[in-house]
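Colleague: Please take a close look at one buried part of this model and then relate it to the rest of the assembly. I should like the criteria stated as they arise.

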Amino acid sequence: MTALLSECRPLVGNDQPLLQATGLSKFFGPRVGCQDVSLEVHEGEVIAVVGESGSGKSTLLLLLSTQQLPSSGSISCRMRDGVTRDLFRLTEAERRHLLRTDWGFVHQDARLGLRMGVSAGGNVGERLMAVGWRHYGKIRAEAQAWLERVEIATDRMDDRPDTFSGGMRQRLQVAKNMVTHPRLVFMDEPTGGLDVSVQARVLDLIRSFVSDYGLAAVIVTHDLAIARLLSHRILVMRQGRVIENGLTDQVLDDPREPYTQLLVSSILQT
Amino acid sequence: MSANSAYNFAYLDEQTKRMIRRAILKAIAIPGYQVPFASREMPMPYGWGTGGVQVTAAVLGANDVLKVIDQGADDTTNAVSIRKFFEKTAGVATTTRTRDATIIQTRHRIPEAQLSEEQILVYQVPIPEPLRFLEPREPETRRMHALEDYGLMHVKLYEDIARHGHIATTYAYPVKVDGRYVMDPSPTPKFDNPKMDDCPALQLFGAGREKRIYALPPYTCVVSLDFEDHPFERTPIAAKCELCGADSAFLDEIVTDDQGGRMFVCSDTDYCESRRGEASP
């Protein structure tokens, strides 16, 4: 009964987490994807998930964004109407609607997040059309406004993303996700493979959206410098488990676990 | 002409025809929905109307009068051979006159003459999936149909306008059927799209290679997709037919010599002939 009440009761204020995951595990046969991960994301909060390759970061992100079903555990999300719902009880249509309105997903490989054969404007406009916009002029104006915000020149609007550089593609991907004003964006190595100056522009962009729109984000990265720059809290993963979590500065300046200490000390000092 | 007794009536065996009829009934019950069916090998190559032929064979009765058109014309190879095929295997009467036919099999045109409730229009469909070129995964497109997830269809139209300044899709122009399913009207010119809406005749679509059947029951609401500020427009006809003078029929451009000579004539040969008052009796 109490469980039922807490599921249906509208939760008000920002005290309630936007996303709450408890005891998430994912097994691929005998292999462990991630094990017993619990986490809360509050509005406007950026959480970094760090760890070496194969530590379960990306699996966790796929679970959180409901793109894969966990072997056990649950995820609930506070929707725009203020009601917290169990994500795995949503219908497929509701889940898709959530993914393309209130949520965003920025892939490391822009080709997974963009339609390479569709113009930049069409890419940004797709989400608007999916939620029922049917006025070409308005869709175009909105897409253009967002392209300007991510510093893509207006005259590139009708070019296809396969003519764009890596940094532009990544910024286009961000614009495509932001156009419906999501409250939570998942990012999988958003600056992987970009050179440092281009990385900086993408990071600046993400940072400004976090501060301007109160965007919450879960960012998977292996780059501790990015984690320090963007995130409020940090989760350190190893072999599918979260071994340490806390405030970013605290964890990075004073790591408790030997593995975290190793990670932090592995940063090249300049 | 009597049917060749070596064949079952209309070539297909009775069990196959029943299977196809079941698919057709389901298709009629869910307008615009693509029903899978066990498409058979037909004695003609894929792409020559194997889907349409199977649908025609399944709905054909001994008293039916069959008309077959290819791009509106009764006298092109595809039309002639399919007509002959049913003359031989079913012994049914055939005609080229739209109003005399009870079943009209068509490749990519809808006759200019108004169809009636007594008629069935059978389309040959090469690619039944309107989302195919936007989303290549078949399981995903089926899920999109199931969830009415059609934003992508408008992305295609958006791209047209962004690139050409207007919706440049001129054939296989996507339609929404009965407010629910988005459907590919087979590669008919978009000029014919308005004729599908509220049509008194039953319209059946058969895709042999892709093994899909879909249908529009009589008087179904069929709306061509568009934007509020770029509404659907029927292809304007700028010329007159040089044979019959029709100014609102879909025209073919025919090259008459190698000096650049050309003429415009009706694509619907029966319409053109009856206008000229020389329709074959």
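Modeller: A residue counts as buried if 20 or more other C-beta atoms, placed from the backbone, lie within 10 Å of its own, as exposed if 12 or fewer do, and as partly exposed in between. The model is predicted: local features need pLDDT of at least 70 and side-chain atom pairs count only at pLDDT 80 or more, whereas totals for chains, interfaces and linings use all residues. Residues are numbered from 1 along each chain as its sequence is written, and chains are lettered from A and ligands numbered from 1 in the order in which they are written. Helices (H or I, at least four residues) and strands (E, at least two) are DSSP runs, numbered from the N terminus.

The part chosen is strand β4 (residues 103-107) of chain B. Five of its five residues are buried, so β4(B) is largely enclosed by the rest of the structure. B:Ile103, B:Gln105 and B:Arg107 point one way from the strand, B:Ile104 and B:Thr106 point the other way, and all are buried. Two strands pair if DSSP finds at least two bridges between them. Strand β2 (residues 65-70) of chain B runs parallel to β4(B) and is joined to it by five bridges; one bridge partner in β4(B) is B:Gln105, opposite B:Val68. Strand β5 (residues 120-124) of chain B also runs parallel to β4(B), through four bridges, and B:Ile120 in β5(B) is the bridge partner of B:Ile103.

B:Pro36, in strand β1 (residues 35-36) of chain B, offers a contrast. With 12 C-beta neighbours inside 10 Å, B:Pro36 counts as exposed. B:Ile213 is 177 residues from B:Pro36 in sequence, yet the two are 6.4 Å apart in space, C-alpha to C-alpha. Contact between two residues means that their C-beta atoms, placed from the backbone, lie within 7 Å. Leaving aside neighbours within four places in sequence, B:Pro36 is in contact with B:Lys211 and B:Arg212.

Between the chains, 17 residues of chain A are in contact with 15 residues of chain B. On the side of chain A that touches chain B, α3 (92-101), α5 and α6 (136-149) of chain A each supply at least two residues, and the largest share, six residues, comes from α5(A). Ala, Val, Leu, Ile, Met, Phe, Trp, Tyr, Cys and Pro count as nonpolar, Asp, Glu, Lys and Arg as charged, and the others, Gly among them, as polar. The residues on that side of chain A divide into six nonpolar, six polar and five charged.

The axes of helix α5 (residues 120-130) of chain A and helix α5 (residues 151-164) of chain B come within 9 Å and cross at roughly 140°. Axes are lines fitted to C-alpha atoms, for helices over the stretch in contact, and angles run from 0 to 180 degrees between N-to-C directions. Angles under 35 degrees count as roughly parallel, over 145 as roughly antiparallel, 65 to 115 as roughly perpendicular and the rest as oblique. α5(A) and α5(B) are therefore oblique to each other. Their crossing is right-handed, the near helix being turned clockwise from the far one by less than a right angle (anticlockwise would be left-handed). From α5(A), A:Gly121, A:Gly122, A:Gly125, A:Glu126, A:Met129 and A:Ala130 meet residues of α5(B), among them B:Gly151, B:Val155 and B:Tyr158. The residues of this contact divide into six nonpolar, five polar and two charged.

Within chain A, the axes of α5(A) and α6(A) come within 9 Å and cross at roughly 120°, so these helices too are oblique to each other, and α5(A) passes α6(A) in a right-handed crossing. Residues in this contact include A:Val124 and A:Leu128 of α5(A), and A:Ile139 and A:Trp146 of α6(A). The contact divides into eight nonpolar, two polar and two charged residues.

Chain A also holds an open sheet of six strands, in the order β6-β7-β8-β3-β9-β10, with mixed pairing. β6 (103-106) and β10 (241-247) of chain A stand at its edges with a single partner strand each, so one side of each lacks a neighbour in the sheet. The twist averages 15° from one strand to the next. Strand β3 (residues 46-50) of chain A runs parallel to strand β9 (residues 233-238) of chain A through four bridges, with A:Val49 opposite A:Leu235.
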